[in-house]
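Reader: Could you take me closely through one part of this fold, the parallel strands and the helices that go with them, and set out the reasoning as you go?

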Amino acid sequence: MRLLVLGGTVFLSRAVAAEAVARGHDVTCAARGESGSVPEGARHVVLDRGAPDWSSLDDGGDGEWDAVVDVSRSPVWVAEALEALGDRIPHWVFVSSISVYADQSTPGGSQDTLPLLPPITEDVEQDTPEKYGSSKVGCEQAVQARAREWLVVRPGLIVGPGDPSGRFSYWVARLAEGGDVLAPESPDRGTQAIDVRDLAVWIVTGAEKGLTGVYDASGPVMRLGDLVDEVVAAVGGHAAKQVWASAEFLIERDVAYWSGPRSLPLWLPEDSRGMTAHDVSAAVAAGLTVRPIGETATDTLAWLRSTQDPPLTGLSRAEEQDLLDDWHTIRA
């Protein structure tokens, strides 16, 4: 298979390119190359999608591919790529997001049951989850209207080595240290994630087989407490003791949800519980398989320890200790 990856230097797009190369496919990665390198064995074509010269893709190659994988969040970039390449490439794989859904509160929802946000078709500052989700809806609709055949993949939280968000990585690094670990609300809260390598395997397989349609794609829904326990067992943080603090306590002390400074990653407000509780049975039926979260944690810790200044989000150790001290005081 001849595969064009629009990107190929960072996280998911790089994992897709690497998986395709490992299977013996002819892989071209079109990217500026400023964020990293393409996998060994892939051809790199310098392309700035802010001002694309699509003719550069023909230099050194025949300009023909069997499939393309695009992970863009820009409706304008996606529309321009489709205009330039839509007639030349039989199969278009677009990686979207579960952020496209207007209802993030309903656990067990899927691509067949949840309403979408209104589309945004122009580039806007994506400073809120809703704007990001609406931009992805605009991208999806452009692909569905213009591509010859298409596959739209809507992942949930993507984790693993190379994760630029630092959300799951926060828990891996913190739990490996041991000691009292501040955790949000209750171990019974649901959560859901997928290893970037498992998602890449399924995307490449979908391109090979010409899979079409829309699929939510993530790992199984699991208790947050079980995820923490599996991470602890995998990374050797056996002295770690989880301290589950109430939502009221955390909110009163300005602890943020999900990611960012002074946050507890993977923690969500009540009206967003469905975000990490999607029904992905359709993707599983279409061949998606995932590894144990402990294996992802082990490999993520190895990456963290081998990387200078790896991306992490969440509470600082000093902030966490202050909160733990407060919690133990009021519980005494």
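**Parallel strands and their helices**

Author: Strand 6 and strand 11 (residues 213-217) pair in the parallel sense, with five bridges between them. Within this pairing, Pro155 has Ala217 of strand 11 as its bridge partner. The model is a predicted one, and what follows is a reading of that prediction.

On strand 5 there is a further pairing to consider, since strand 5 and strand 6 also run parallel and are joined by five bridges. Here Val95 stands opposite Val153 of strand 6. Between these two strands the chain passes through helix 3, and the resulting β-α-β crossover, from strand 5 through helix 3 to strand 6, is right-handed. As for its surroundings, strand 6 has five of its seven residues buried, and it is therefore largely enclosed by the rest of the structure.

The connecting helix deserves a check of its geometry. Helix 3 (residues 129-146) has 18 residues, which at 1.5 Å a residue should span 26 Å, and because its end C-alpha atoms are 26 Å apart, the expected and the modelled span agree. Its buried residues are Gly133, Ser134, Ser135, Lys136, Val137, Gly138, Cys139, Glu140, Ala142 and Val143, a list that includes Lys136 and Glu140. The buried residues of helix 3 pack against helix 2 (75-85), strand 5 (91-95) and strand 6 (149-155), so the helix is in contact with both of the strands that it connects in the crossover.

Helix 2 can be read in a similar way. Its buried residues are Pro75, Val78, Ala81, Leu82 and Leu85. Because these five cover an arc of only 130 degrees around the axis, they lie on the same side of helix 2. What covers them includes strand 1 (2-6), strand 4 (67-70), strand 5 and helix 3.

On the way to strand 11 the chain passes strand 10 and helix 5. Strand 10 (residues 194-195) holds Asp195, which counts as buried because its relative accessible area is 3%, under the 20% cut-off. Leaving aside residues up to four places away in sequence, Asp195 touches Val159, Arg291 and Thr296.

Helix 5 (residues 196-209) passes the same check of length: its 14 residues should span 20 Å at 1.5 Å a residue, and its end C-alpha atoms are 20 Å apart, which agrees. With 10 of those 14 residues buried, helix 5 is largely enclosed by the rest of the structure. The buried residues are Val196, Asp198, Leu199, Ala200, Trp202, Ile203, Val204, Thr205, Gly206 and Ala207. After helix 5 comes Gly210, which has a positive phi, near 70 degrees.

Aromatic pairs add some detail from elsewhere in the model, which holds four of them. One of these is formed by Tyr170 and Trp171, an edge-to-face pair at 5.3 Å centre to centre with 90 degrees between the planes. Both partners are buried, Tyr170 at 7% relative accessible area and Trp171 at 1%. Another pair, Tyr257 with Trp267, is tilted, with 4.1 Å centre to centre and 45 degrees between the planes. Since Tyr257 lies in strand 14 (residues 256-258) and Trp267 in the loop between strand 15 (263-265) and helix 8 (281-285), the pair ties together parts that are 10 residues apart in sequence. Tyr257 is partly exposed, at 29% relative accessibility, whereas Trp267 is buried, at 2%.

Definitions and conventions. Residues are numbered from 1 along each chain as its sequence is written. This is a predicted model: local features need pLDDT of at least 70, side-chain atom pairs count only at pLDDT 80 or more; totals for chains, interfaces and linings use all residues. Side-chain values use heavy atoms; hydrogens and water are left out. Rings of Phe, Tyr and Trp (its six-membered ring) pair if their centres lie within 6.5 Å; planes under 30 degrees apart count as stacked, over 60 as edge-to-face and the rest as tilted. Buried means under 20% relative accessible area, exposed over 50%, partly exposed in between (1.4 Å probe, protein chains only). Helices (H or I, at least four residues) and strands (E, at least two) are DSSP runs, numbered from the N terminus. The expected span of a helix is 1.5 Å times one less than its number of residues. Contact means heavy atoms within 4.5 Å. The arc is that of the directions from the helix axis to the C-beta atoms. Two strands pair if DSSP finds at least two bridges between them. A crossover is right-handed if, with the strands pointing away from the viewer, the path from the first strand over the helix to the second runs clockwise.
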